Amino acid sequence: MPQVLTLFQPSTLTHTIGECITQNAFPTACKKSIISSVPKVDNPKECDDYRPIAILSVFSKVYELCVLKQMTEHVDEHNVRIEKISGYREGHSTTSIQLI
């Protein structure tokens, strides 16, 4: 198997993410992203008509999901959730806080 793909084998990926979480570190090579402009309107004419997005590596997205899952489980298990915080909560949005 090519060397690039070995990082994405399930056992290697699980081990790498586990090590990153344990050591509180993130691989420097995975910190890079591609910034792209996405138009906010149909016919963009000015810089303000675009919004930047960062296209991240697959590894960083998988890592983010793993960390989010662990944090959510910890918060729920230890009953330390603050009801007035809606960020990163399934079924909640920025308008959810206005309903409390």
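## Contacts and overall layout

In this protein, 31% of the contacts with a separation of 6 or more are made by residues 24 or more positions apart. Keep in mind as you look around that this is a predicted model.

The protein contains three helices and two strands. Following the sequence, you meet them in the pattern α-α-β-β-α.

## Surface and burial

Let's turn to what is covered and what is not. The protein has 100 residues, and 12% of them count as buried. About 8500 Å² of the protein is exposed, with 58% of that area supplied by carbon and sulfur atoms.

## The nonpolar core

Six residues make up the largest nonpolar core: Leu13, Ile17, Cys20, Cys30, Phe59 and Tyr63. Helix 2 (10-23) and helix 3 (58-77) each bring at least two residues to this core. Helix 2 gives the most, with three residues.

Tyr63, a member of this core, is a good residue to click on. Leaving aside residues up to four places away in sequence, Tyr63 touches Ile17, Cys20, Ile21, Ala25 and Phe26.

## A buried serine

Ser60 is also worth a look, and you will find this residue in helix 3. Its relative accessibility is 8%, so Ser60 counts as buried, the cut-off being under 20%.

What does the side chain of Ser60 reach? The partner is the backbone oxygen of Ser57, at 2.9 Å. Not counting residues up to four places away in sequence, Ser60 also touches Phe26 and Cys30. Cys30 is one of the residues of the largest nonpolar core, while Phe26 is among the residues that Tyr63 touches.

Conventions
Residues are numbered from 1 along each chain as its sequence is written. This is a predicted model: local features need pLDDT of at least 70, side-chain atom pairs count only at pLDDT 80 or more; totals for chains, interfaces and linings use all residues. Side-chain values use heavy atoms; hydrogens and water are left out. Helices (H or I, at least four residues) and strands (E, at least two) are DSSP runs, numbered from the N terminus. Buried means under 20% relative accessible area, exposed over 50%, partly exposed in between (1.4 Å probe, protein chains only). Contact means heavy atoms within 4.5 Å. Accessible areas come from the Shrake-Rupley method with a 1.4 Å probe; for residues, only the protein chains shown count as cover. A nonpolar core is a set of buried Ala, Val, Leu, Ile, Met, Phe, Trp, Tyr and Cys residues joined through side-chain atoms within 4.5 Å. A polar contact is a pair of N or O atoms within 3.5 Å; within protein, one must be able to donate a hydrogen and the other to accept it, and residues adjacent in sequence count only if both atoms are side-chain atoms.
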